[in-house]
Amino acid sequence: MRSPPPPVPPQQQQPAYSNPYQPQAGSGVGGARAHVHPAYGGILNDQTAQMGFQVGRSAVMAGQEYMEQNFNRYVNVSALKLYWNVSNTYVLHKLFLILFPWRHRPWSRQQRVTPGAQEGYFLPPREDINSPDMYIPSMALVTYILLSTLFAGLRGDFHPELLGLTATTAFAIVIFEILCLKLGCYLLAINNESQLLDLVAYSGYKFVGIIVTLVLAGLLSGGGGTGGWVGWAVFGYTFAANAFFLLRSLKYVLLPENSGDNTRGAMHTVARSQRNRRTQFLFVYSYVVQFMFMWILSRQDSGGKST
């Protein structure tokens, strides 16, 4: 006689609802592939898809290279990046310099000469407060547009077209101002490698004084705008500060100093013969032109009394 077979353990019943977070059998790599949707199952391993990805990446890189090459024909991108190399300390000191330039010394830009190089290069704004930048003019321009429309809304004069009108007026004045400066530099035979970018930066500093004029005139005149005597007083100070700041800062651009040996005596003679005309041009731009442009921009907040 044989002994009876051992008892067979009862099979565990499968719960009606399985735990979705519990790993199931075959949930490895093969299991993951088994649950991939059939429409996307082989797209990562398809050679045609990989070739398409490579062609798309090459097309994007070629497009970027083409844009950089064509953009560099008009604007030096590497030089433009230096105008955005600012710090919080520089921004605060620069704003103070624009509003209170009377006792600042010196006004000349600092240079650094690398070992083995014949000519030096100007330091970025982060390291030189006299260096022009693009950050403050850009932020001041945007702030001026928003602030003008905000004050118009507080007076009840806001309409949807006002935002575009204010922005168009500001951009048109800046572009016209730069064109006039370039024309004057051409007629006076003033050449500078970074002349255009410097002029763009300096043309935007006027918005700092305009913003201060709008804010102080609105607060001190009880929301009456810049049309009263308070607005004219604040405008007179900010205009004089901006004009003095430009007169000192643009001297190295419009009145470059020639230095060298005796072999360059002819260049000194030409510079002396044109120095008076360049000084007159700088004075007219800093005071007459700036007064007209700042008056037009600040009167945009006067509730339509004047344009």
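Is W102 buried, exposed or partly exposed, and what is its relative accessibility? In this predicted model, W102 counts as partly exposed because its relative accessibility is 35%, which lies between the cut-offs of 20% and 50%.

Let's look at the surroundings of this tryptophan. W102 joins F96, F100 and Y237 in a nonpolar surface patch of about 430 Å². Within that patch, F96 belongs to helix α4, which covers residues 88-99, and F96 is exposed at a relative accessible area of 54%.

The aromatic side chains are worth a visit too. The structure contains 17 aromatic pairs. One of them brings together W102 and F244, and the pair is tilted because the planes stand at 40°. W102 sits in the loop between α4 and β1, while F244 sits in helix α9 (residues 229-249), so this pair ties together parts that are 142 residues apart in sequence. Unlike the partly exposed W102, F244 is buried, with a relative accessible area of 15%.

Another pair, F239 with F291, is edge-to-face. F239 is in helix α9 and F291 in helix α11 (residues 265-298), and the two are 52 residues apart. F239 is buried at 13% relative accessibility, whereas F291 is partly exposed at 36%.

Here are the two pairs together:

| Pair | Centre distance | Plane angle and type |
|---|---|---|
| W102 and F244 | 5.3 Å | 40°, tilted |
| F239 and F291 | 5.2 Å | 75°, edge-to-face |

W102 and F244 also share one aromatic cluster, whose members include W107, Y202, Y205 and F245. Finally, R109 lies over the face of F122, 4.2 Å from the ring centre.

Conventions
Residues are numbered from 1 along each chain as its sequence is written. This is a predicted model: local features need pLDDT of at least 70, side-chain atom pairs count only at pLDDT 80 or more; totals for chains, interfaces and linings use all residues. Side-chain values use heavy atoms; hydrogens and water are left out. Patches are made of residues with over 30% relative accessible area and no salt bridge: like charges are joined within 9 Å, nonpolar side chains (Val, Leu, Ile, Met, Phe, Trp, Tyr) within 5 Å. Accessible areas come from the Shrake-Rupley method with a 1.4 Å probe; for residues, only the protein chains shown count as cover. A salt bridge is a side-chain nitrogen of Lys or Arg within 4 Å of a carboxyl oxygen of Asp or Glu. Helices (H or I, at least four residues) and strands (E, at least two) are DSSP runs, numbered from the N terminus. Buried means under 20% relative accessible area, exposed over 50%, partly exposed in between (1.4 Å probe, protein chains only). Rings of Phe, Tyr and Trp (its six-membered ring) pair if their centres lie within 6.5 Å; planes under 30 degrees apart count as stacked, over 60 as edge-to-face and the rest as tilted. A charge sits over a ring if NZ of Lys or CZ of Arg is within 6 Å of the ring centre and within 35 degrees of the ring normal.
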